[in-house]
Amino acid sequence: MSESEQLVAANELAQLPVRARVEAVLIAADHPIDTISLAAAVETPVPEVAQALDELRADYDAPPVRGFELRQIAGGWQLYVRAGCEQVVRRMIEEQTPPRLSQAALETLSVIAYKQPISRGQIASIRAVNVDSVVRTLLARGLIAEAYVDEQTQATFFETTDLLLSHLGIDSIADLPPISDLLPEDPEDDDLS
């Protein structure tokens, strides 16, 4: 983006009301954001952001009742599904998300769990198939996440998430059962059991 485009974007941002900017950040956030961080994100003084948060909370709680609410939790602010609406959201998610992973997804997830961080190319090499769609599925389900991008190759490396640990009922990847002695060993992975 050129310098003139940046100035235009900054001017357009400044034209938006503080409430709109704060609300946009809250909608995009996947974790509670403290008032100071919100103020920095929307380039507005903290007192104005605090006032906008109070106004948003009051607006969301006023009739007509909305399906979401603004909560102050864990030292920050986050939008939540309003109490009483959880069942509707749960049903929608369950209908859209297949209850089980395919064999290909389970195999790919196992490779990532034992070899992480690992690139898509390395996964495909181990499985000897294209894994693009399976990796997208695992990312969408929140079972894996991007760990980093290699600066030289621009390859994205993946790792498992805490959600996978929760589903497996384990505390860390170290709690996974050892890989079978029948599998060929990779000299680079001496730390695997």
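This report describes salt bridges and one buried strand residue in a predicted model.

Residues are numbered from 1 along each chain as its sequence is written, and side-chain values use heavy atoms, with hydrogens and water left out. Because the model is predicted, local features need pLDDT of at least 70 and side-chain atom pairs count only at pLDDT 80 or more, while totals for chains, interfaces and linings use all residues.

## Salt bridges

Side chains of opposite charge can pair when their charged atoms come close. The term salt bridge is used here for a side-chain nitrogen of Lys or Arg within 4 Å of a carboxyl oxygen of Asp or Glu. Eight salt bridges are found when the whole structure is searched. The table lists three pairs, among them R66 with D59.

| Pair | Closest N to O distance |
|---|---|
| R66 and D59 | 3.6 Å |
| R71 and E69 | 2.9 Å |
| D132 and R120 | 3.4 Å |

The accessibility of these residues is given as relative accessible area, computed with a 1.4 Å probe on protein chains only: under 20% is buried, over 50% is exposed, and values in between are partly exposed. R66 has a relative accessibility of 30% and is partly exposed. Its partner D59 is also partly exposed, at 30%. Both residues belong to a network of salt bridges that links R19, E55, D59 and R66.

In the pair of R71 and E69, R71 is partly exposed at 30%, whereas E69 is buried at 15%.

The salt bridge between D132 and R120 joins two side chains. D132 lies in helix α8 (residues 132–140) and R120 in helix α7 (residues 120–127), so this pair ties together parts that are twelve residues apart in sequence. Helices here are DSSP runs of H or I with at least four residues, strands are runs of E with at least two, and both are numbered from the N terminus. D132 is partly exposed at 29% relative accessibility, and R120 is partly exposed with a relative accessible area of 29%.

## Residue I118

Where is I118 placed? It is in strand β3, which covers residues 118–119. I118 has a relative accessible area of 2% and is buried.

Contact means heavy atoms within 4.5 Å. Apart from neighbours within four places in sequence, I118 is in contact with V111, I112, I123, I126, T156, F157 and F158. Y148 is 30 residues from I118 along the chain, and the C-alpha atoms of the two are separated by 9.7 Å.
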